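User: Please give me a close, connected reading of one part of this structure, with the cut-offs for each term you use. I would also like to see how that part relates to its surroundings.

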Amino acid sequence: MLIAQITDLHIFRDRKPAYGTIDTARFVEQAVAHLLDMPRRPDIVIATGDLVDEGSANEYAILRDILAPLPMPVYLMPGNHDARDTLRAGFPEHGYLRQHPEWIQYVIEEYPLRLIALDTLVPGSGHGELCEGRLAWLDEKLAEQPDRPTMVMLHHPPFKTGIAHMDRMGLLSGAENLGAIVARYPNIERIIAGHLHRPIQIRWNGTLVSVAPSTGHQINLDLRADGPPAFIMEPPALHLHDWRPDVGLVTHQSYIGDYAGPYLFKGGGPVPKG
Ligand SMILES: [Fe+2]
Ligand SMILES: [Fe+2]
């Protein structure tokens, strides 16, 4: 099973550039073209939050149009820039968004890898939280199938990255309690996250947390304690999580953009398609 993870799309109102400079809608279009062009097409796509920048209906309508060419199921999750009700209203046929009446937390059961999405959104804030209610729901869902390989997904990663301004708006509440739950379920193959606009990994409570880069702009890699908030136009990318039960969950970082090649090692010509 091949899972594509796109994250931090940040579609902006009227397709305007985000922060005055980043053509995020164009970047998401490029990500969609990239997914459609993959030699082995992903079975599903998961978007781990910050789908749009201001949580408006206009932005979700633009996102909807841009994602429409994708033939495989797409699962949406909220980030700190999203708005739950507007997201649900913009994608009425995405029934899983309503699995829980309050939070956008859901379980997808129909694949070899069980998928559990958590909602870390605090309306009006950049940081995230997992309150007792959200964590109790997770514990309950994990307890239903403790032996089945599972991937947990959330927008705000539950650890401090060393990028100071991002840590100040990280998962400020509930990370420790999440860790205590995760530690009890060795069937959790992975926790995937977004929010950081960079690829970052850590061993955490018996599993691996992997963070995917943004489809658009990246956060500047500055590990000084007083590093200023800044973004950088490093190559956009997505993650491909390849679940093979006999191997495990193998994650590849796939760069989005026009690069020379691929060329065959033998013969020197282009790699044949199809
Ligand atoms: Fe973001
Ligand atoms: Fe975020």
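Analyst: D8 lies in the loop between β1 and α1, where helices (H or I, at least four residues) and strands (E, at least two) are DSSP runs numbered from the N terminus. This is a predicted model, in which local features need pLDDT of at least 70 and side-chain atom pairs count only at pLDDT 80 or more, while totals for chains, interfaces and linings use all residues. Residues are numbered from 1 along each chain as its sequence is written, chains are lettered from A and ligands numbered from 1 in the order in which they are written, and side-chain values use heavy atoms, with hydrogens and water left out.

The backbone of D8 has a positive phi of about 55°, although D8 is not a glycine. D8 is also buried, its relative accessible area being 0%, where buried means under 20% relative accessible area, exposed over 50% and partly exposed in between (1.4 Å probe, protein chains only).

With its OD atom, D8 takes part in coordinating the iron ion (ligand 1), together with H10 (NE2), D50 (OD) and H197 (NE2), at 2.0 to 2.2 Å. Donors here are N, O and S atoms within 2.8 Å of the metal (3.2 Å for Na, K and Ca), and sites may look incomplete because water is not among the atoms. Along the chain, the donors of the iron ion (ligand 1) follow the spacing D-x1-H-x39-D-x146-H. The pair D8 and D50 links distant parts of the chain, for D8 sits in the loop between β1 (2-6) and α1 (24-36), whereas D50 sits in the loop between β2 (44-48) and α2 (57-67), 42 residues apart. D8 and D50 are both buried. The angles among the four donor atoms of the iron ion (ligand 1) run from 86 to 174°.

Another donor of this ion, H197, lies in the loop between β9 (188-193) and β10. H197 has a phi near 55°, a positive value in a residue other than glycine, and H197 is buried as well, with a relative accessible area of 4%.

D50 is where the account widens to a second metal, since D50 bridges the iron ion (ligand 1) and the iron ion (ligand 2), which lie 3.5 Å apart. The iron ion (ligand 2) is coordinated by D50 (OD), N80 (OD1), H155 (NE2) and H195 (ND1), at 2.1 to 2.2 Å. For the iron ion (ligand 2), the angles among the four donor atoms span 88 to 159°, and the donor residues are spaced D-x29-N-x74-H-x39-H in sequence. Distant parts of the chain are linked here too, by D50 in the loop between β2 and α2 and H155 in the loop between β7 (150-153) and α5 (164-167), 105 residues apart. Both members of that pair, D50 and H155, are buried.

Several strands that flank these loops belong to sheets, in which two strands count as paired if DSSP finds at least two bridges between them. β1 and β2 stand in an open sheet of five strands with the order β3-β2-β1-β14-β15 and mixed pairing. Its edge strands are β3 (74-77) and β15 (248-255), each pairing on one side only. β2 runs parallel to β3 and is joined to it by four bridges, with I46 standing opposite Y75 in β3. β3 is covered on both faces, as V74 and L76 on one side and Y75 and M77 on the other are all buried. At the other edge, β14 (residues 237-244) pairs with β15 in the antiparallel sense over eight bridges, and the bridge partner of D242 in β15 is V250.

β7, β9 and β10 belong to an open sheet of six strands, whose order is β4-β5-β7-β9-β11-β10, again with mixed pairing. β4 (106-108) and β10 (200-204) stand at the edges with a single partner strand each, so one side of each is left without a neighbour in the sheet. Strand β5 (residues 114-117) pairs with β7 in the parallel sense over four bridges, and I116 has V152 in β7 as its bridge partner.

To return to the starting point, D8 combines a positive phi of about 55° with a relative accessible area of 0%, and D8 shares the coordination of the iron ion (ligand 1) with H10, D50 and H197.

Note on methods
Tetrahedral: all angles 85-135°; square planar, octahedral: opposite > 155°, others 65-115°.
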